[in-house]
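Colleague: I'd like to learn how to read a model like this one. Can you walk me through it, feature by feature?

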Amino acid sequence: MFKAPRGTADILPGEQAYWQYIEDKAVSVCQLYGYQRIDTPAFEDAGLFTRSVGEGTDIVNKEMYIFKDRSDNELALRPEGTASVCRAYLEHGMDNLPQPMKLYYFADIFRYERPQAGRYRQHHQFGCEAIGEASPMLDAEVIQMALGFFRSLGLTQFTLQLNSIGCKQCRPDYLQKLKDYYAPLTPSLCDDCRARLAKNPLRLLDCKKPGCQAAAEGAPRNSEYLCKDCHDHFDALKTYLEALEIEYGINHRLVRGLDYYTKTVFEIQPLEGGSQSALGGGGRYDDLISELGGKSTPAIGFATGMERIVLNLKNQGIEAPEQVKPAVFIACMGNSAKIVALKTASDLREAGISVIVAAGDRSLKAQLRQANSVGATYAVIIGDDEIKEGMVTLRNMLTSDQQVVDPEELKRILGPQE
Ligand code: HAM
């Protein structure tokens, strides 16, 4: 028997209420903030991600699903959504439209990670990107939107962590400070971090290995080495967040796992669940569009994992609203009844009433049991007696009350009540 590949999951009908709930809230919040939907392909040129997410990152080095197609093109299943949206922004000349371009997406994301609770090899993100505006007002708005989205779902048990990782002016100096700090501590670092120290020292700050965590404790703080522009930006953002009464914590070790970030980075962490389990995260990426061949274009965005949201909804005891159940179940016995059942179902559906018809030859009792289990409000019963009289029996599944009615009357009885 085949099984779903390790790290992937089927989203079964019983789970779909959560997904629908999350998607509906996401769309509502995007409409409130003026975001438009975009969908991009599940795979892209691998180079798009190598260039944007960065060669020194785990996502590119260890986790990307990369393959050659039959024409020898090197492709990758998308390991995140931002680079694809930026590629589409440039490819379709969206830089000529009024800025910022505010875009949102739902996308399946592929990362070859070690699967655990809330961590999959294929997961699903809801993300948004606001491209073409440098003001920290937009940073505050994106953060407010992310938090508003989680709150609209009923989630309350989370914190906002904030940091600034500077820009290409001030970062080289800070990276040198980091290298100087770590140089004497190399023996206590893990193998990965020893290799990262030369190429990508920022990554050392968020390594989860105990030795590296201890070493990171006393590391120089990025926010203390910002240039004036980055410093003012960070200050203004904090002022706006305070004005919006948004609580935040500064996390000096928050660097994010993707290389394209500049200035603001943030994460939303559940109160319980450890540091591997961010509900969502994002930040500014003011150099990405130009690195992909466009003109210099500031941008900021955010994404959240749908599976993580479902997990947090369940942990916090929040149930998704029930999905719509069929209004009517039609039970039928005998060949003539089958034809009447099919016709009655068509009539009712045309009137916008949802119907499930029992197919096959099960007993009336078994058919009514099915009506119950699908949650139908009414059963319409058609047997030999009903056929003879040209009538049907209408049974209220909640009260078990039954009445014999003219099939023509069903639409009036079951349809929307004025
Ligand atoms: P990210 O932090 O890598 O950022 O992923 C965003 C969110 O996706 C995470 O906070 C988490 O909720 C979820 N997530 C990540 N990996 C997994 C996984 N293996 N299984 C389940 N859920 C996962 C980005 O991808 C950026 N593109 C976000 C962004 C948008 N930055 C700017 N704009």
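Modeller: Sure, we'll go from overall shape to the ligand and then to single residues. This is a predicted model, so local features need pLDDT of at least 70 and side-chain atom pairs count only at pLDDT 80 or more, while totals for chains, interfaces and linings use all residues. Residues are numbered from 1 along each chain as its sequence is written, and side-chain values use heavy atoms, with hydrogens and water left out.

Colleague: What does the secondary structure of the protein come to?

Modeller: Helices (H or I, at least four residues) and strands (E, at least two) are DSSP runs, numbered from the N terminus. Here the protein has 15 helices and 16 strands.

Colleague: And how do I judge the overall shape: is the protein spread out or a compact globule?

Modeller: Use the radius of gyration, taken over C-alpha atoms, and set it against the globule rule, 2.2 Å times the number of residues to the power 0.38. For 418 residues that rule gives 22 Å, and the protein has 28 Å, well over that, so it is more spread out than a compact globule. Along the principal axes, the C-alpha atoms fill a box of roughly 95 × 50 × 45 Å.

Colleague: Which domains does the assignment give?

Modeller: The bounds come from an automatic or database domain assignment. It gives domain 1 as 13–170 + 226–315 and domain 2 as 328–413. Their centres, taken over C-alpha atoms, are 50 Å apart.

Colleague: On to the ligand. Which residues come nearest?

Modeller: A residue is near a molecule or strand if one of its heavy atoms lies within 4 Å of it. There are 28 residues around the ligand, and Glu 80, Arg 111, Glu 113, Glu 129 and Tyr 261 come nearest.

Colleague: How do those 28 divide by chemical type?

Modeller: Ala, Val, Leu, Ile, Met, Phe, Trp, Tyr, Cys and Pro count as nonpolar, Asp, Glu, Lys and Arg as charged, and the others, Gly among them, as polar. On that basis the shell has 10 nonpolar, 11 polar and 7 charged residues.

Colleague: What polar contacts does the ligand have?

Modeller: A polar contact is a pair of N or O atoms within 3.5 Å; within protein, one must be able to donate a hydrogen and the other to accept it, and residues adjacent in sequence count only if both atoms are side-chain atoms. In this model, an N or O atom in the side chain of Glu 113 is 2.5 Å from a nitrogen atom of the ligand. A polar side-chain atom of Arg 111 sits 2.9 Å from a ligand oxygen atom. With Leu 279 it's a polar backbone atom, 3.0 Å from an oxygen atom of the ligand.

Colleague: How much of the ligand does the protein bury?

Modeller: Accessible areas come from the Shrake-Rupley method with a 1.4 Å probe; for residues, only the protein chains shown count as cover. The ligand taken alone exposes 650 Å², and the protein buries 96% of that. Strand E6 (122–131), strand E10 (280–284) and strand E11 (299–305) are the elements that give two or more residues to the shell. E11 gives the most, with 5 residues.

Colleague: Now single residues. Is Ala 83 buried or exposed?

Modeller: Buried means under 20% relative accessible area, exposed over 50%, partly exposed in between (1.4 Å probe, protein chains only). Ala 83 is in helix H4 and counts as buried, because its relative accessibility is 0%. Arg 51, in helix H2 (residues 46–52), is exposed at 54%. The C-alpha atoms of these two are 9.1 Å apart, with their positions 32 residues apart along the chain. Across the whole protein, 48% of the 418 residues count as buried.

Colleague: Anything to look for in the backbone?

Modeller: Look at omega and phi. The peptide bond from Gln 99 to Pro 100 is cis, with omega near 0°, and Pro 100 is in the loop between helix H4 (82–91) and strand E5 (101–110).

Colleague: Which phi value does Asp 72 have?

Modeller: Phi of Asp 72 is near 70°, positive in a residue other than glycine. Asp 72 is in the loop between strand E3 (66–68) and strand E4 (74–77) and is exposed, at 56%. Glu 245 also isn't a glycine, and its phi is about 55°. Its loop runs between helix H9 (228–243) and strand E8 (249–250), and Glu 245 is exposed, at 73% relative accessibility.
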